[in-house]
Structure formats: structure tokens, C-alpha cells
Amino acid sequence: MEEAIKVEQLSKSYGNLLAVDNVSLSVKRGTVYGLLGANGAGKSTTIECILGTKRADKGLVSVLGYNPIKERRKLFQKVGVQFQECDYQPEIKVSELCEEVSCLYKNPADWRELCTQFGIGDKIKYAVKSLSGGERQRLFIVLALIPNPELVFLDELTTGLDAKARRSVWKILSILKEKGLTIFLTSHFMDEVEVLCDEICILKNGKIAFNGTVEQAKAATGCEKFEDAYLMLSGEEVEE
């Protein structure tokens with residue numbers, strides 16, 4: 001299976017802090033890949049280096065066959081990114097923001113259809129600031145999918161959503177995956193990771209603590225529950 005992302009021996013320091021230490025990973029096209037770890041484990045820096053928004057100190061990165069720094073413009077058309085918070089004018093309406101994002105891409109998806117799919121179709125005339133946290137979160141996912149991407153990065157995608165909305169988002173993402181979309185996500189919800197991810201990578205202090213499937217993580221730790229396996233591998237175990 002062809003690789004959507006290939007990272008080899010990636011390292012990045014900030015002064016004396018080694019944020020990412022010799023990380024190598026591979027994401028197959030049409031799969032869901034989860035990058036996990038405690039806050040400060042190096043997830044954000046790894047993603048920024050993959051996207052080319054930060055330059056790694058060493059290592060090689062290939063995204064959809066492109067060098068993310070040298071071929072940034074070409075890659076921009078094929079990749080969607082959902083961040084926790086976006087910068088936008090405070091009074092902007094949902095429809096205006098979606099239209100603005102659509103204009104940046106050659107073959108954008110139908111944003112109205114996406115809004116309906118993600119349960120905010122009735123909110124397009126509202127100001128973004130008037131949306132609830134959960135509605136805003138779904139809007140950010142819509143914005144990431146407007147480019148009609150081959151690869152999408154989703155950061156804590158269901159934070160602030162209730163159980164029903166979370167399951168609805170999972171279902172849509174599973175359908176998009178079946179259509180060939182590659183999904184790279186970070187999450188602190190282990191039930192979400194179990195449902196969605198084909199493979200995972202757990203970072204601990206900038207190094208890879210585990211790389212493989214959820215089942216392999218449970219087998220490696222002898223844990224029945226994936227959450228327990230994750231806590232053990234990530235070093236987030238709670239002291240009794």
C-alpha cells in the first residue's frame with residue numbers, strides 16, 4: 001500500500017529542549033493514523049514538521065510524495081488541517097468563512113453539503129462567534145474538508161461534542177476513509193482511537209514509545225483495556 005506520509009529520523013530542538021527525538025513513522029494511504037501522547041510529548045511539533053510549518057533540525061519528511069517545505073504550494077491543495085482554534089474576524093458568518101476558505105482551492109468540496117453532513121447546515125447564516133463549542137468544533141472539521149483533500153490532519157476532533165455528535169463524526173470519517181481519504185489525528189479519547197485508528201504511534205518525551213495497532217499495544221503491555229495500555233506506554237499512569 002502506498003504511503004501518504006513518510007517520516008525518517010525526525011528531530012527538532014528548541015534551545016536545549018529536544019522536543020522530537022529521532023521519530024520515524026509511516027502512514028499508508030486510505031488509513032486512519034493516530035499520534036498519541038501526553039501534553040508536551042512532542043505531538044504538535046511532529047505535526048508542524050510534517051506540514052512544513054516548522055523546519056526540522058534533521059530527518060526526512062515526505063507528504064503525498066512532496067517535500068512539505070520545498071513543495072508547499074502543491075501540497076496545500078491536497079491537504080486539509082483542522083486546528084483547535086482558528087483566527088477569523090469576530091463577526092464573520094459561517095457561510096462567509098466557508099466561502100473564503102473555498103476560494104483558496106482549485107477543486108473545493110461543496111461546503112453547504114459538508115455543513116449539513118456535520119449537523120450545522122441550519123447555522124450557515126449565523127456568526128461563528130454565536131455557535132456553541134461543539135458546533136464550532138464541527139465547523140473546524142468542515143473547514144479542513146473543504147479543500148477536498150487526499151489527506152486531512154484532525155487535532156482533538158471531538159473535544160466539546162456530546163456522545164451522539166461524537167459518534168456521528170466517527171461515522172462520517174469512516175465513510176470518507178472508505179472513499180480513500182487518509183486521516184492523521186491526535187486524540188485524548190481512547191475510545192475514539194480504538195474505533196477509528198488503523199495504526200497508532202505513542203510519543204513519550206519526544207521519543208516513540210510504541211508504534212503499531214491498538215491490539216498490539218494491549219498485547220505488548222498485557223492490558224485488557226487499551227486505555228490502560230496507553231497510560232502505561234505514554235507514562236501517564238496515575239499513582240495509586
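**Helix packing and sheet organisation in the predicted model**

Helix α3 passes helix α5 in a right-handed crossing. These elements are described here from a predicted model. Helix α3 comprises residues 94-102 and helix α5 residues 133-145. Their axes come within 9 Å and cross at roughly 25°. Because angles under 35 degrees count as roughly parallel, this crossing makes α3 roughly parallel to α5. On the α3 side, the contact is made by V94, L97, C98 and V101, and on the α5 side by L139, V142 and L143. By class, the contact of α3 with α5 has seven nonpolar residues, with no polar and no charged residues.

A second helix pair is formed by α8 (residues 214-221) and α9 (residues 226-234), which pack at an angle of about 70° with their axes 9 Å apart. Since angles of 65 to 115 degrees count as roughly perpendicular, α8 is roughly perpendicular to α9. Here the crossing of α8 past α9 is left-handed. Helix α8 contributes V214, A217, K218 and T221 to the contact, while α9 contributes F226, A229, M232 and L233. The class composition of the contact of α8 with α9 is six nonpolar residues, one polar residue and one charged residue.

The strands were examined next. Strands of a sheet pair through backbone hydrogen bonds, either parallel or antiparallel. In the model, six strands form an open sheet in the order β5-β6-β7-β3-β8-β9, and the pairing is mixed. The edge strands are β5 (79-82) and β9 (207-212), each of which pairs on one side only. Neighbouring strands of this sheet are turned by 15° against each other on average, with direction ignored.

At the β5 edge, four bridges join β5 to strand β6 (residues 151-155), and these two strands run parallel. Within this pairing, V79 stands opposite L151 in β6. Helix α1 (residues 43-51) packs on the sheet. The strands touched by α1 are β3 (32-37), β5, β6, β7 (182-186) and β8 (199-204). The direction of α1 makes about 140° with that of β3. Edge strand β5 is thus joined to β6 by four bridges and is also among the strands touched by α1.

Methods:
Residues numbered from 1 in each chain as written. Predicted model: local features only at pLDDT ≥ 70, side-chain atom pairs only at ≥ 80, totals over all residues. Heavy atoms only, no water. Axes fitted to C-alpha atoms, helices over the stretch in contact; angles between N-to-C directions. Parallel < 35°, antiparallel > 145°, perpendicular 65-115°, else oblique. Left-handed = near helix turned anticlockwise from the far one by under 90°. Contact = heavy atoms within 4.5 Å. Nonpolar A, V, L, I, M, F, W, Y, C, P; charged D, E, K, R; others polar. Pairing = 2+ DSSP bridges.
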